[in-house]
Amino acid sequence: MQDDKIPIKEKPYNYPQDLSSPCTLRERPPNSEKLLLVKTSFATHTTLIPATNETMASGKRVWLITGASSGLGQEIARAALAHGDMVVATARDTKNLASLVSEGAIAEQLDVTSSDTILAATVARIVERTGTIDMLVNNAGYLLTGGVEEVSRDEAEAQFATNVFGQLNVIRAVLPVLRSQRLGVVANMGSIGGWVGMPAAGLYCASKACSSLLSDSLRAEVAHLGIKVTVIEPGYFRTDLLGSGRRVRAGRRIEDLNPGTTGTHDALAAYHGHQPGDPRKAAELIVEALTGTGRCVGRVLPPRLIIGSDAYRTATEVLDAQRQIMDEWRDLVTATNYDDVAIKA
Ligand SMILES: NC(=O)c1ccc[n+]([C@@H]2O[C@H](COP(=O)([O-])OP(=O)(O)OC[C@H]3O[C@@H](n4cnc5c(N)ncnc54)[C@H](OP(=O)(O)O)[C@@H]3O)[C@@H](O)[C@H]2O)c1
């Protein structure tokens, strides 16, 4: 290296780490006991809500869970209730929340693709009832299958409208509440599918990769406000996700693509009901991880909470393979700076 070269220290990218200890809502900042301002630029009114309500006094966390009518969302709601917290379970059709209501949850109608105005009004209604929201689990989602070229524009947009923009819509509606109290957790539901693009599930995998990266950015943006953000990345769990009633298959079939896509269609159909992951166990872990309780006392909530032995294995394989490819290409791909730029190892 010549001395006159511009020194650039190339550091591996580090995820922003939490500066605070795991979320303990009994340790609210003093001013959160005053008034909670529920106001978004989309809401037609501003609501001032006393934060010294029963929920806060009792130290219960308030959970808002989307897509709680079944599967992981329903089990997370159950685990949070068992944890002694207050749960607002939401679904497109509240009839599907009857069993959770009988177990103590509050039901609210919420479609994550609704307009900002509707979602802001829903959140204001929830806060009026519960006093606040502490834990947002952005869980709603579905699986669209089909080759990348087979998926129509409408099908692709619908997949992203729920899995990506749906999460963003809910985040925009709920974050003002978390920011006003300088405390809270946002957990977006990603997938191990966000680590590797599976044939015939490209749009789903891409939507989950989006969810993970948006979570990374949001995490860094709100850490100083006492808000923790993570993305949950499960492997295969035995829910209705792969069932023929839920899984949406692209309408168009391109025969040319069959050798690349048929295997996934057949495997997903055969796997339904045989997935290794137990949603109840995942939910218990998720609640402990997000609240820093039970087995997770003293652990820092990771940027990505990979769940399931299959997911752990896949992520490890992806990392190892990526590392090997990077090492093989290192000499060439790192030789593209201007000649006057020096790189310190
Ligand atoms: N199970 C797995 O193996 C697995 C693996 C990785 C990631 N995930 C993710 O985990 C999340 C939950 O899936 P699951 O496995 O529990 O499947 P699930 O039983 O099919 O649950 C999906 C939930 O999402 C809801 N939903 C779909 N579109 C919605 C919308 N527009 N607005 C509100 N809710 C909507 C559904 O509600 P409705 O009753 O209204 O349809 C349902 O409650 C999804 O994001 C999924 O991608 C699951």
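Two strands are said to pair if DSSP finds at least two bridges between them, and strands themselves, like helices, are DSSP runs numbered from the N terminus (H or I over at least four residues for a helix, E over at least two for a strand). With these terms, seven strands of this protein form an open sheet in the order 6-5-4-7-9-10-12, and the pairing is parallel. The model is a predicted one, in which local features need pLDDT of at least 70 and side-chain atom pairs count only at pLDDT 80 or more, while totals for chains, interfaces and linings use all residues. Residues are numbered from 1 along each chain as its sequence is written.

**The protein as a whole**

- The secondary structure comes to ten helices and 13 strands.
- Of the 345 residues, 40% count as buried (a residue is buried if 20 or more other C-beta atoms lie within 10 Å of its own, exposed if 12 or fewer, and partly exposed in between, with C-beta atoms placed from the backbone).
- Two residues are in contact if their C-beta atoms, placed from the backbone, lie within 7 Å, and among contacts between residues at least 6 apart in sequence, 76% join residues at least 24 apart.

**The sheet**

- Strands of a sheet pair through backbone hydrogen bonds, either parallel or antiparallel.
- In the order 6-5-4-7-9-10-12, the edge strands are strand 6 (106-109) and strand 12 (304-307), each of which pairs on one side only.
- The twist averages 20 degrees from one strand to the next (axes are lines fitted to C-alpha atoms, for helices over the stretch in contact, and angles run from 0 to 180 degrees between N-to-C directions).
- Helix 6 (residues 165-181) packs on the sheet, where this helix touches strand 4, strand 7, strand 9 (184-189) and strand 10 (227-234), and its direction makes about 170 degrees with that of strand 7.
- Helix 9 (residues 279-291) also packs on the sheet, touching strand 7, strand 9, strand 10 and strand 12, and its direction makes about 160 degrees with that of strand 12.

**Strands 4 and 5**

- Strand 4 and strand 5 pair in the parallel sense over four bridges, and within this pairing Val-62 stands opposite Met-86.
- Met-86 and Val-62 are 24 residues apart in sequence, yet their C-alpha atoms are 4.8 Å apart in space.
- Met-86 lies in strand 5 (residues 86-91) and counts as buried because 24 other C-beta atoms lie within 10 Å.
- In a regular strand the side chains alternate between the two faces of the sheet.
- In strand 5, Met-86, Val-88 and Thr-90 point one way and Val-87, Ala-89 and Ala-91 the other way, and all are buried.

**Strand 7 and its neighbours**

- Three bridges join strand 4 (residues 62-65) to strand 7 (residues 135-138), and these strands run parallel; here the bridge partner of Ile-65 is Val-137.
- Strand 7 is also joined to strand 9 by four bridges, again in parallel, and Val-137 stands opposite Ala-187 of strand 9.
- Both faces of strand 7 are covered, with Met-135 and Val-137 buried on one side and Leu-136 and Asn-138 buried on the other.
- Gly-184 has its place in strand 9 and counts as buried because it has 26 C-beta neighbours inside 10 Å.
- Leaving aside its neighbours within four places in sequence, Gly-184 is in contact with Asp-134, Met-135, Leu-178 and Ile-227.

**Helix 2**

- Helix 2 is mostly covered, since ten of its twelve residues are buried, among them Leu-72, Ile-76 and Arg-78.
- These buried residues pack against strand 4, strand 5, helix 3 (98-102), strand 7 and helix 9.
- At 1.5 Å a residue, the twelve residues of helix 2 should span 16 Å (the expected span is 1.5 Å times one less than the number of residues), and the end C-alpha atoms are 17 Å apart, which agrees.
- Helix 2 is followed by Gly-84, whose phi is positive, near 95 degrees.

**Around the ligand**

- Of the 30 residues around the ligand, Gly-67, Gly-71, Ala-140, Gly-141 and Thr-239 come nearest (a residue is near a molecule or strand if its C-beta atom, placed from the backbone, lies within 6 Å of it).
- The largest share of this shell, three residues, comes from helix 2 (residues 71-82).
- By class, the shell has ten nonpolar, 15 polar and five charged residues (Ala, Val, Leu, Ile, Met, Phe, Trp, Tyr, Cys and Pro count as nonpolar, Asp, Glu, Lys and Arg as charged, and the others, Gly among them, as polar).
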